[in-house]
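Visitor: I have a sequence and a structure to look at, and I would like to learn how to read the features in it one at a time. Could you take me through them?

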Amino acid sequence: MAHAHQHQHGPAAAHSSHAHAHTHDSDATPNGLPEILDLDAALFAPHLTALTGRIACLAGDDIRNIVDLGSGTGTGTFALLERFPTARVTAVDSSPAMLERLASAARDRGLGGRVNTLEADAGAGLPGVVDADLVWASASLHHLDDPATALAGIRAALRPGGLLAVAEVDGMPAFLPGSGELGALETRCRKALDGLHAEQLPHRGADWGSLLAAAGFAVEQERAEPWELRAPLPEGASRYAYLVFERIRGSLVGRISPEDLAALDRLVDGGPEDVRHRGDLVVRSLRETWMARRSA
Ligand SMILES: C[S@@+](CC[C@H](N)C(=O)[O-])C[C@H]1O[C@@H](n2cnc3c(N)ncnc32)[C@H](O)[C@@H]1O
């Protein structure tokens, strides 16, 4: 990537650019989200490894310059640095808190020299980023205001023949047994959240395949895969469920019945129904991916 190498590399690279940041739900103190993202990365690590493996098959080994668009705490950044040992990653996010956490984790892992951070609204182009071999956008494209403008910016940042890997999730993960009252409660909560997201994040669930093609990408793979964990669950799964229910509870006030809110409270109140004490949790989500190449 051709941007300002002297001051963008290494630990000192944090926040090398302060382009205008416009976000929907990613302010400086994202409520519980950083820990949720880190737990998601840890719990689904094998799935993530398979995904980066698919990228390597398409992209080849000669991947040097990677952009992690809407990087969050660095799930994609770290998985890709491992997969491509000679690559560098520019992590782009509009949230300084996320980028600080990512930069600190990179230093802790001895990877500070291979990571730059760039604070920017990724929907308005990627300032200073050119000739990227790979852009990874996981659970981030739906946050951007205008997909066509965002994809044009990504295309401009990629070298001809470069790859864009898009991943999107079908809403919040499911944790409760599908049958019975708790499963029904979770279904109602997911529906209410879908309604909220339809208002706040209108591009969630967009037809990314068509949007990519319209933006001048050749879509080479499109998949929908269930990511699922069952008992015995890895460490961190119940904490993950707890944090997700805590986070959504606040958003659902006025959108679900008082009885359902009370039932949600019982899932996080430390009592006998609390998700941290249950033996019947699962973690399920549907992950959709698109692998698209920038035509020459
Ligand atoms: C759901 S998180 C996904 C994080 C990460 N890619 C992952 O898979 O764990 C979405 C991220 O996109 C960032 N984001 C939202 N709007 C953005 C924008 N306009 N420009 C750049 N980043 C944005 C948020 O701050 C957040 O870190």
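**Helix packing, a pocket and the backbone**

Guide: Let us begin with a pair of helices, keeping in mind that this is a predicted model. The axes of helix α7, residues 181-200, and helix α9, residues 237-251, come within 11 Å and cross at roughly 55°. An angle between 35 and 65 degrees counts as oblique, and therefore α7 is oblique to α9.

Visitor: What is the handedness of the crossing in which α7 passes α9, and which residues make the contact?

Guide: The crossing is left-handed. On the α7 side the contact is made by E186, C189, L193 and L196, and on the α9 side by F245, I248 and S251. Sorted by class, the residues of this contact of α7 with α9 are 5 nonpolar, 1 polar and 1 charged.

Visitor: At what angle do α7 and helix α10 pack?

Guide: Helix α10, residues 258-266, packs with α7 at an angle of about 110°, and the two axes are 11 Å apart. Angles of 65 to 115 degrees count as roughly perpendicular, so α7 and α10 are roughly perpendicular to each other. Their crossing is left-handed, and the contact is made by L185, R188 and C189 of α7 together with D260, A263 and L264 of α10. By class, this contact of α7 with α10 has 4 nonpolar and 2 charged residues, with no polar ones.

Visitor: How do the axes of α2 and α9 cross, and within what distance do they come?

Guide: The axes of α2 and α9 come within 10 Å and cross at roughly 145°, in a left-handed crossing. From α2 the contact takes L33, E35, I36, L39, D40 and L43, and from α9 it takes A237, R239, Y240, L243, V244 and R247. The contact of α2 with α9 divides into 8 nonpolar and 4 charged residues, and no polar residue takes part.

Visitor: Turning to pockets, what is the volume of the second largest pocket, and which residues are closest to its centre?

Guide: For a pocket, one can read the volume, then the lining, then the elements that supply it. The second largest pocket has a volume of about 360 Å³. It is lined by 17 residues, of which A41, T75, F78, A79 and R109 are the closest to its centre. At least two lining residues are supplied by each of α2 (33-43), α3 (45-59), α4 (75-83) and α5 (96-108), and the largest share, 5 residues, comes from α4. By class, the lining of this second largest pocket holds 7 nonpolar, 5 polar and 5 charged residues.

Visitor: And how should I read the backbone itself?

Guide: The general idea is that most residues other than glycine have a negative phi, and most peptide bonds are trans. Against that background, the bond joining A231 and P232 is a cis peptide bond, with omega about -5°, and P232 lies in the loop between β6 (217-229) and α9.

Visitor: Is the phi of D131 positive or negative, and where does D131 lie?

Guide: The phi of D131 is near 60°, a positive value in a residue other than glycine. D131 lies in the loop between β3 (115-119) and β4 (132-138).

How values were computed
Residues are numbered from 1 along each chain as its sequence is written. This is a predicted model: local features need pLDDT of at least 70, side-chain atom pairs count only at pLDDT 80 or more; totals for chains, interfaces and linings use all residues. Side-chain values use heavy atoms; hydrogens and water are left out. Axes are lines fitted to C-alpha atoms, for helices over the stretch in contact, and angles run from 0 to 180 degrees between N-to-C directions. Helices (H or I, at least four residues) and strands (E, at least two) are DSSP runs, numbered from the N terminus. Angles under 35 degrees count as roughly parallel, over 145 as roughly antiparallel, 65 to 115 as roughly perpendicular and the rest as oblique. A crossing is left-handed if the near helix is turned anticlockwise from the far one by less than a right angle, and right-handed if clockwise. Contact means heavy atoms within 4.5 Å. Ala, Val, Leu, Ile, Met, Phe, Trp, Tyr, Cys and Pro count as nonpolar, Asp, Glu, Lys and Arg as charged, and the others, Gly among them, as polar. On a 1 Å grid over the protein atoms alone, a cavity is a set of points where a 1.4 Å probe fits but cannot get out, and a pocket is an open set with protein on both sides within 12 Å along at least five of seven lines; lining residues have an atom within 4 Å of a point. Grid points are joined across faces, edges and corners, and a volume is the space filled by probe spheres set on the points.
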